[in-house]
Structures are given as structure tokens and as C-alpha cells.
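Visitor: Could you walk me through this one and tell me what each label rests on? I'd like to see the cut-offs set beside the values.

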Amino acid sequence: MRDRIYISSPDMSYEGYEMAYIKEAFDTNWIAPLGMNVDGFELELAKKVGISSAVALSAGTAAIHMALRAVNVEEGDIVFCQDLTFSATVNPIIYQHATPVFIDSDHKTWNMCPEALEKAFEQYTPKAVIVVHLYGLSADLDKIMAICKKHNVPLIEDAAESLGSKYKGRYTGTLGDYGIYSFNGNKIITTSGGGMLVSNDEERIAKVRFWATQSRDQARHYQHSELGFNYRMSNIVAGIGRGQLKVLERRITKKRYINAYYENAFHDMEDISMMPINPWDEPNYWLSCITVQGKVKPMDIMEALEEKNIECRPIWKPMHMQPFFEKYHYVGDGVSKEIYESGVCLPSDSKMTDKALFTVVNTIKELWC
Ligand SMILES: *Cc1c(COP(=O)(O)O)cnc(C)c1O
């Protein structure tokens, strides 16, 4: 059988940068915990995105959890959270025994709708807002930040999918009060698993580093005056991250190419629209997504591609439609549902050849014949 074509799979540098850092960690016996790859990865990522401090953690989910604690979200608090996203955005709200209120998206960005956010503020007083930059597309940050400022509520950017994307020239994840990145296996760069929390509030990042390292007080004996978490990234994993960071721009270039290929191929198809890219946006094109209308349904596309051993997925199913989360309030007009029901994530793997892209496009176009 032909090799499977993936949506987005791990892609290590051909130079072997990752392995060199891992080898260095082995040679110096800095396997765990922490060590110079962790410090190096934090500094290099912070420098890349232009922020003062970063803490490497075991997952993007852990980074969101720590961001919520950094802004003092606790039991009984309300947190506004983008409705159209992966469940990892909202789970940490529940870990904190707080209550999410889901905010709809708009068609213009696929991300949090500023009008829906305003409306939610008329009904609730949240402790924090979590906005997401889905598929590497940035949210309408100026508007969202202005609303948060007006109400004096901190903004957390879930930039798990948008490392390297810029909003008006600045990296997503660095504009709000806190930003998080993920290095899970399918993300634009991966450490096999891991995350990063970034902020210009160095004091709070130091505090997170303390919490995430089991909240060990300065003492010879093991002493704890606060609840701790075992959330730090290992020195081996961080070595992979340092190597991957060197090829981030190369990955973006390839993913931009993939998106342009699809855009060009579907240009003459009235029923297919590419995901929205706004004038302020310089996306990382993590995934190329489309919406379809007319006789061909997203399921037809997914089935046709799967038949050729090509991976293909729907858009994230909105949180307010999830069995576990449907009990929470949702503010919106059903836009996230519309995007979910009409959308498809196309294979966007950085190892894809032109031949593979041609096969994907042809398989889809045949459905209209
Ligand atoms: C992947 C992802 C996360 C979680 O990151 P992990 O590193 O897998 O914990 C959070 N939010 C979004 C939008 C994601 O896509």
C-alpha cells in the first residue's frame, strides 16, 4: 500500500540539529531533570518571538493551566473561552474548578468574535479571557485586547497552533498578558510533546517555574508552602525543541507553499473557499483548511481521501456541542457550528511532495464531476 499522507506529522531537520542537542545532553549526563537544553530552549524561543520570559513545560495544556493560575483563576470564577477550538484550551479551566463561558467565532477570522465577546461582558464578569489562533490564523487581537483592557481582564493567547504566525508584524502569543505554545507531535514544530508559557511579566513566569517544579521552597529539607505541579519539560525533550526551532521558518515556508498550491488549485471552484486570511495576518499555515458548500459534503471529501490512505479531518467540533461541555453557557449565533459543519482540514504535512498535493486536489475535484 502507498505510504500514508498525513495532515501534519513530525519532521526532524535533515541536518540532525535535534540529535546533536540530545547527544550533548547524554554526553554530559544532563538527561533529567532540567539542564542547559531547557534553559537554552526557553531563551531561544523568547528571543525568536520577542518576549522577555518563557518557561518550558510538559505540554501546551500545562501551560494554559499555569497561565490560569498566574492570573489567579480559582474555584467559582468565570473564564471566557473561544468556542471553536480543541478541548485542551478549556480543560484547564475545569482543573481550576472555574466555569467556562464559550464565545462564538466570526467568519472573518474563524476565531473569537469581538461582538460576541462584548455581549458576554454584558452578562458576566470573568477572571480571564482565552483567545485561540486556530490553524495559525490570528484572531482580531486589537479589538479583543481593547475589550479586555476596558474591562480590566487579562488575556491569554492559546497560540498552540500558531507559533511563528504574526499579527500586524508581532508574533502571536506575545500580544496578550500570557501566551502558550505547544510542541505536540502534530504541531508546526514538535519536541514529541511539550509546551511553553511566555509573558513579559518576568516575576509571574518565575512564579510559574516554581509551581511547575513542585513548589519547592528554598530550604535544605523538602518544604512546601504552596501547591506544586510536576510540569517541567525534560532536558532531552528540550534538546529536540532547540533543534526544531532552527527549522521553524523552513516549515512555515513549506506550509505556505502547500496553502498556495491548494488556493491555486481550487481557485476556479465556486463551492470551495479557503480559510480566511486577513490583511493583518502573516500565518504559519500550520494546516490548510477549506469550507465547502453545495452538493459535496465535508464527509464525502474525507471519505474519498481516506480511501487513498490520505489523512483528513473535520474542523474542531465546537465546545458548546461537546457532550462534556454542553452544560456550560455559550454566547453566539452558531457561527462556530457553521464552520465546523462545512469545514475540512486538508493534508498539510511539511514532507508532502507535489505529487501528493496533486493527488489530494484531483481526488477532491473528482467529487464535483
Ligand atoms: C494542541 C493544542 C493544545 C494543547 O497542546 P498540548 O501540547 O497537546 O497539551 C491546546 N490548544 C490548542 C488549540 C491546540 O491545538
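Guide: Let's start at N309, which sits in the loop between α10 (298-307) and β13 (313-314). Before we go on: this is a predicted model, so local features need pLDDT of at least 70 and side-chain atom pairs count only at pLDDT 80 or more, while totals for chains, interfaces and linings use all residues. Residues are numbered from 1 along each chain as its sequence is written, and side-chain values use heavy atoms, with hydrogens and water left out.

Visitor: What makes something a helix or a strand in names like α10 and β13?

Guide: They're DSSP runs, numbered from the N terminus: H or I over at least four residues for a helix, E over at least two for a strand.

Visitor: And why is N309 called buried?

Guide: Its relative accessible area is 12%. Buried means under 20%, exposed means over 50%, and partly exposed is in between (1.4 Å probe, protein chains only), so that's the label. N309 also has a positive phi of about 60° although it isn't a glycine.

Visitor: Which residue has a positive phi of about 60° in the loop between β4 (128-132) and α6 (141-150)?

Guide: That's Y135, another non-glycine. Y135 is buried too, because its relative accessible area is 1%.

Visitor: On to the ligand. How do you know which residues are around it?

Guide: A residue is near a molecule if one of its heavy atoms lies within 4 Å of it. There are 15 residues around the ligand, and T61, D158, E161, S182 and K187 come nearest.

Visitor: What makes T61 a polar contact of the ligand?

Guide: A polar contact is a pair of N or O atoms within 3.5 Å; within protein, one has to be able to donate a hydrogen and the other to accept it, and sequence neighbours count only if both atoms are side-chain atoms. A polar side-chain atom of T61 is 2.5 Å from a ligand oxygen, so the pair passes. E161 puts a side-chain N or O atom 2.5 Å from an oxygen of the ligand, and for S182 the distance to a ligand oxygen is 2.7 Å. On its own the ligand exposes 380 Å², and the protein buries 94% of that; the method is Shrake-Rupley, with a 1.4 Å probe.

Visitor: How does the shell divide by residue type?

Guide: Five nonpolar, seven polar and three charged. Nonpolar here is Ala, Val, Leu, Ile, Met, Phe, Trp, Tyr, Cys and Pro; charged is Asp, Glu, Lys and Arg; the others, Gly among them, are polar.

Visitor: How many aromatic pairs are there, and what makes a pair?

Guide: The count comes to 13. Rings of Phe, Tyr and Trp (its six-membered ring) pair if their centres lie within 6.5 Å; planes under 30 degrees apart are stacked, over 60 edge-to-face, and the rest tilted.

Visitor: So why is the pair of F41 and F183 called tilted?

Guide: The centres are 5.1 Å apart and the planes are at 55°, an angle that falls between the two limits, so tilted is what remains. F41 is in helix α2 (residues 36-49) and F183 in the loop between β8 (178-182) and β9 (195-199), 142 residues apart. F41 is at 0% relative accessibility, hence buried, and F183 is buried at 0% as well.

Visitor: Why is the pair of F80 and F121 edge-to-face?

Guide: Again the centres are 5.1 Å apart, but here the planes meet at 75°, so the pair is edge-to-face. F80 is in strand β2 (residues 78-82) and F121 in helix α5 (residues 114-123), so parts 41 residues apart in sequence get tied together.

Visitor: How do you know that K327 sits over the ring of F324?

Guide: NZ of Lys or CZ of Arg has to be within 6 Å of the ring centre and within 35 degrees of the ring normal. The charged end of K327 is 4.3 Å from the centre of the F324 ring. F324 also belongs to an aromatic cluster with F102, F325 and Y328. K246 does likewise over Y17, at 5.4 Å from the ring centre.

Visitor: Last one: what does the side chain of S105 reach?

Guide: The backbone oxygen of W110, at 2.7 Å. The backbone oxygen of N111 is 3.4 Å from a polar atom of the S105 side chain. S105 lies in the loop between β3 (99-103) and α5, and it's buried because its relative accessible area is 1%.
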